[in-house]
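Visitor: Please take one part of this model and go through it closely, starting from a single loop and working outwards. I would like the residues named and the backbone described where it matters.

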Amino acid sequence: MGRYKQLQQQYEELEQKYARLYAQQSEMRYAYERLKEERAEYEQQEQEIRKLHKNARRLKHDMKNHFMVLSAYLASENYDSARAYASEILEKLNSMHSYVETGNTLMNHIINEKLQFAREQEISVKAEIENLSFAGIQSMDFTALLGNLLDNAIEASLKEEKNKRELILLVSERQGYEVICVKNKISCSVLEENPDFVSTKHKDENSHGIGMMRIREIIEGCNGMYDIYEKDGYFCFAVFIPKK
């Protein structure tokens with residue numbers, strides 16, 4: 001029996017050692033995959049920045065010719081053509097969006113991708129973003145949270161007339177919380193028409209129901225808070241994540 005107990009003890013020790021090694025391997029595998037994701041995100045951002053710089057250099061090179069054409073129109077008092085040509089130049093300038101740099105690699109990727117899509121849908125975009133880490137929320141949850149908030153605002157904006165589409169993103173720190181506030185212009189009250197935010201993936205009513213349950217789960221999971229309100233013709237969704 002003494003030999004059996006000894007073997008049993010050795011077996012249990014080996015089993016515990018195996019469990020520790022397996023846990024370490026899992027952690028290392030997760031860290032490796034995360035590094036691969038971060039590298040891919042960084043490379044994508046580099047490509048986006050290079051593309052923007054290339055477009056800016058091309059536009060700068062073309063501006064001399066543009067001004068020559070405008071001068072010719074003005075010299076000949078062809079004001080209608082001058083105005084039309086100036087409008088074309090402004091349209092090109094507006095189509096070029098600036099890359100948003102937040103100091104947070106993950107946030108950079110999400111914000112630039114979503115805001116670029118919004119601009120392509122003729123949604124006026126404004127962003128005021130502080131350099132915050134959002135260490136109090138897991139990366140996957142942060143991606144889902146910010147992505148859903150922006151997706152909902154974009155979907156709702158698309159229901160508005162083109163000249164009334166507007167989206168505002170504010171990221172700031174307030175009293176120990178890191179805050180994300182997403183606003184979109186509305187022509188009628190969402191809180192009155194759809195107070196329960198019923199999902200409308202298959203209905204043409206209001207898009208703020210998309211991902212709402214997931215958003216609430218994520219906020220509750222990191223001990224955060226949220227506030228939904230309407231002010232000055234905007235639907236506003238503010239999220240408060242405890243700062244770490």
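Guide: In this predicted model, Gln 175 sits in the loop that joins strand 2 to strand 3 (177–185). Its phi is positive, near 45 degrees, although the residue is not a glycine. Most residues other than glycine have a negative phi. With a relative accessible area of 81%, Gln 175 counts as exposed, because the cut-off for that class is over 50%.

On the strand 2 side of this loop is Ser 172, a residue of strand 2 (residues 166–174). Ser 172 has a relative accessibility of 15% and is therefore classed as buried, the limit being under 20%. Setting aside residues within four places in sequence, its contacts are Glu 130, Leu 132, Tyr 177, Glu 178 and Val 179. Of these, Tyr 177, Glu 178 and Val 179 fall in strand 3, across the loop that holds Gln 175.

Strand 2 and strand 3 also supply contacts to Tyr 234, which is placed in strand 5 (residues 234–242). Beyond four places in sequence, Tyr 234 touches Glu 166, Ile 168, Lys 183, Asn 184, Lys 185, Ile 186 and Tyr 229. Among them, Glu 166 and Ile 168 belong to strand 2, while Lys 183, Asn 184 and Lys 185 belong to strand 3. Tyr 234 is buried, at 13% relative accessibility. Its C-alpha lies 8.9 Å from that of Ser 189, a residue 45 positions away along the chain.

A positive phi is also found at Asn 223, in the loop between helix 6 (212–221) and strand 4 (225–231). The value there is near 60 degrees, again in a residue other than glycine. Asn 223 is exposed, with a relative accessible area of 62%. Glu 122, which follows helix 3, has a positive phi near 60 degrees as well.

That leads to helix 3 itself. Helix 3 has 16 residues and spans 23 Å between its first and last C-alpha, close to the 22 Å expected at 1.5 Å a residue. Its buried residues include Leu 106, Met 107, Ile 110, Ile 111, Lys 114 and Ala 118. An α-helix has 3.6 residues a turn, so residues three or four places apart point the same way.

The axes of helix 3 (residues 105–120) and helix 4 (residues 139–157) come within 10 Å and cross at roughly 15 degrees. Angles under 35 degrees count as roughly parallel, so helix 3 and helix 4 are placed in that class. The crossing is right-handed. Helix 3 contributes Leu 106, Met 107, Ile 110, Ile 111, Lys 114, Phe 117 and Ala 118 to the contact, and helix 4 contributes Ser 139, Phe 142, Thr 143, Leu 146, Gly 147, Leu 150, Asp 151 and Ile 154. These contact residues divide into 10 nonpolar, three polar and two charged.

As for the chain around these parts, it contains six helices and five strands, in the order α-α-α-β-α-β-β-α-α-β-β. Of its 244 residues, 35% are buried. Among contacts with a separation of 6 or more, 66% join residues 24 or more positions apart.

Technical notes: Residues numbered from 1 in each chain as written. Predicted model: local features only at pLDDT ≥ 70, side-chain atom pairs only at ≥ 80, totals over all residues. Heavy atoms only, no water. Axes fitted to C-alpha atoms, helices over the stretch in contact; angles between N-to-C directions. Helix = DSSP H or I, 4+ residues; strand = E, 2+ residues; numbered from the N terminus. Parallel < 35°, antiparallel > 145°, perpendicular 65-115°, else oblique. Left-handed = near helix turned anticlockwise from the far one by under 90°. Contact = heavy atoms within 4.5 Å. Nonpolar A, V, L, I, M, F, W, Y, C, P; charged D, E, K, R; others polar. Expected span 1.5 Å × (residues − 1). Buried < 20%, exposed > 50% of the residue type's maximum accessible area, 1.4 Å probe, protein only.
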